[in-house]
Amino acid sequence: MLFSDRLKARIAECGNPICLGMDPKLSLMPVERRHSQVHTPEDKIRFFYMDILEECEKRNVKPAVVKPNSAYYECVSIEGMRVLHDLIAAYKSAGIPVILDAKRGDIGKSSAAYADAAFRIYAADAVTVSPWMGKDSVGPFLEHPANGGVYALLRTSNKGAADFQDMPVKDSTAFFQVAQKLVEWDNGNLGAVVGATHPEELEKITSFFVAAQHEIPFLIPGVSIPGVPGGQGGDAKTVLQAIANGGGKRHFHVLNSSSGLNFAWQRSGKEAEYAAACVDAMESLAEALH
């Protein structure tokens, strides 16, 4: 079964297109309020995300997918990478697919090694990649026997995106040239990362793929949760409307919120209720999208 079909089935099963970004920020993870045996940063990360998973299962409110950014674990320690590995296994065991946000991309042999790390060592269901080195850097991910998803960076929401993505190329812009290549490369497992903060561009990008008769799944970061600081300002309903306005028909796009869901306890200030607050925010977001 192709990744795009698996993703569509997963969203239908859980009833929402939410992607829970798992980007730990130690200063905002008050696990000591619930666990006396927290001694290391790695303990904090493990308890925090396992508590959220336990709350998800207890209330039967689960995101469509989760997306840990590997950088936040790698910068903690070697053991932090072990925690990432274990969290991926735990969430997959609960039936939640995992996108490893690693933004890999290199010459062919190196990309093959990165693909093996993502799909075999970490056992992720999908991985983010940079397409800017061309087909031979993306191909090893698409051709990996794990048959996993591959999200290529297409249109990002950071300020520096304009440096290259907006460059004029052939009566268009560079990121639309990347979009054309994604149509050519797709084998049913390729998706695109498209930011949530510019819905008018998201609509145009959707229209491009629809016109090419080749819709691919979007991973849409930048969705904010009202009342939680640190978000990028993207509005989930506006995002889905932009996709609809662009003629999108397939329901396999996922909307990522990291800080807004992870640290939703900040809205009430009740630190010990961080897991419940996260799931409350997830549930409210899901209900708002219906």
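Buried means under 20% relative accessible area, exposed means over 50%, and partly exposed lies in between. Keep these words in mind for the close-ups below, which come from a predicted model.

**Figure 1. Lysine 103 and aspartate 101 meet in a salt bridge.** The N-to-O distance between these two side chains is 2.7 Å. Lysine 103 has a relative accessible area of 41%, so this residue counts as partly exposed. Its partner, aspartate 101, is buried, with a value of 5%. As a general idea to take along, side chains of opposite charge can pair when their charged atoms come close. The structure holds 17 salt bridges, and further views introduce some of them.

**Figure 2. Arginine 10 pairs with glutamate 13 in helix α1.** Here the closest N and O atoms of the salt bridge are 3.4 Å apart. Both residues belong to helix α1, which covers residues 3-14. They sit 3 residues apart, about one turn of the helix. Are the two partners buried or exposed? Arginine 10 is buried, at 7% relative accessible area, while glutamate 13 is exposed, at 61%.

**Figure 3. A salt bridge joins the side chains of arginine 104 and glutamate 74.** The N-to-O distance is 3.5 Å. Arginine 104 is in strand β3 (residues 99-104) and glutamate 74 is in helix α3 (residues 71-74), so this pair ties together parts that are 30 residues apart in sequence. Arginine 104 is partly exposed, with a relative accessible area of 24%. Glutamate 74 is also partly exposed, at 33%.

**Figure 4. Salt bridges can link up into a network, as Glu55, Lys58, Arg59, Asp280 and Glu283 show.** Try finding each of these five residues in the structure above.

**Figure 5. Aspartate 51 is buried yet has no salt bridge.** You can find this residue in helix α2, which spans residues 41-59. Which side chain of opposite charge is nearest to aspartate 51? That is arginine 34, 4.1 Å away. A salt bridge needs the nitrogen and the carboxyl oxygen within 4 Å, so this pair does not count as one. Aspartate 51 does have a polar partner, though: its side chain and that of tyrosine 274 are joined by a polar contact of 2.4 Å. Leaving aside neighbours within four places in sequence, aspartate 51 is in contact with Arg34, His35, Tyr274 and Ala275.

Note on methods: Residues are numbered from 1 along each chain as its sequence is written. This is a predicted model: local features need pLDDT of at least 70, side-chain atom pairs count only at pLDDT 80 or more; totals for chains, interfaces and linings use all residues. Side-chain values use heavy atoms; hydrogens and water are left out. Helices (H or I, at least four residues) and strands (E, at least two) are DSSP runs, numbered from the N terminus. Buried means under 20% relative accessible area, exposed over 50%, partly exposed in between (1.4 Å probe, protein chains only). Lys and Arg count as positive and Asp and Glu as negative; His and the chain ends are not counted. A polar contact is a pair of N or O atoms within 3.5 Å; within protein, one must be able to donate a hydrogen and the other to accept it, and residues adjacent in sequence count only if both atoms are side-chain atoms. Contact means heavy atoms within 4.5 Å.
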